[in-house]
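Please look over the sequence and the model below before reading on. The text after them is meant to be read with both in view.

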Amino acid sequence: MTMARLSARPIAAIITLLVIALAGVTKAYSTPKPIQKSTRSTSTMNRGAFLATTSSACLTFLTQQPAFAKEVDPAVKGTKADPAFQTCLSQCVYDCTKPKGSEQKSRAECLPECKTKCATTKQQLMKGEPIKKE
């Protein structure tokens, strides 16, 4: 029983010190810091000036027009270099080659399936580039 009392006293003392520190009573026992006069009196900002500065900065960013993506070049549209076709083909091949249980397809097996799924023109279905006649 005396062991419980002895261990309770340090805990009570620590709690008392924490309460005193939080209450601010310790200021009476500390030495005061020297007060230095600021040479920059213009650096102080009141609440109104702060709000005016930050609100104008926020309004600048909020009222700007959004940047839209550049239109696709008409010469590229419908070809193998079409970004929409490339994106669709890439995602399809990625999904197709993921292992599904113990079965996994190779890229060569997935490519024809994905081309038929993503192609919008005959040129996108071809294996190579057509020979250009001069």
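What follows goes from the whole chain to one helix pair, and then to two single residues.

The model is a predicted one. Its protein chain contains 5 helices and 0 strands, so the order of elements from the N terminus reads α-α-α-α-α. The chain has 134 residues, and 12% of these count as buried. About 12400 Å² of the protein chain is exposed, with carbon and sulfur atoms supplying 63% of that area. For contacts between residues at least 6 apart in sequence, 42% join residues that are at least 24 apart.

Now turn to helix 3 and helix 4. Helix 3 covers residues 83–97, and helix 4 covers residues 107–118. How do their axes cross? The two axes come within 9 Å and cross at roughly 135°. Helix 3 is therefore oblique to helix 4, since an angle over 145 degrees would be needed for roughly antiparallel. The crossing of helix 3 past helix 4 is right-handed. On the side of helix 3, the contact is made by F85, C88, L89, C92, V93, C96 and T97. Helix 4 contributes R107, C110, L111, E113, C114, K115, K117 and C118. By type, the residues of this contact divide into 10 nonpolar, 1 polar and 4 charged.

One of the helix 4 residues in this contact is C114. Is C114 buried or exposed? Its relative accessibility is 1%, and because the cut-off for buried is under 20%, C114 counts as buried. Leaving aside residues up to four places away in sequence, C114 touches L89, C92, V93 and C96. These four residues are also among those that helix 3 brings to its contact with helix 4. Another reference point is Y94, 20 residues from C114 along the chain. The C-alpha atoms of C114 and Y94 are separated by 10.0 Å.

The second residue, T79, sits outside the helices. Its place is in the loop between helix 2, residues 47–62, and helix 3. T79 has a relative accessible area of 17%, so this loop residue is buried as well. Which residues does T79 touch, not counting those up to four places away in sequence? They are F85, Q123 and Q124. Of these, F85 is one of the helix 3 residues in the contact with helix 4. F85 thus appears twice in this account: it touches T79 in the loop, and it takes part in the contact between helix 3 and helix 4.

Key: Residues numbered from 1 in each chain as written. Predicted model: local features only at pLDDT ≥ 70, side-chain atom pairs only at ≥ 80, totals over all residues. Heavy atoms only, no water. Helix = DSSP H or I, 4+ residues; strand = E, 2+ residues; numbered from the N terminus. Buried < 20%, exposed > 50% of the residue type's maximum accessible area, 1.4 Å probe, protein only. Contact = heavy atoms within 4.5 Å. Areas by Shrake-Rupley, 256 points an atom, 1.4 Å probe, with all protein chains shown as cover. Axes fitted to C-alpha atoms, helices over the stretch in contact; angles between N-to-C directions. Parallel < 35°, antiparallel > 145°, perpendicular 65-115°, else oblique. Left-handed = near helix turned anticlockwise from the far one by under 90°. Nonpolar A, V, L, I, M, F, W, Y, C, P; charged D, E, K, R; others polar.
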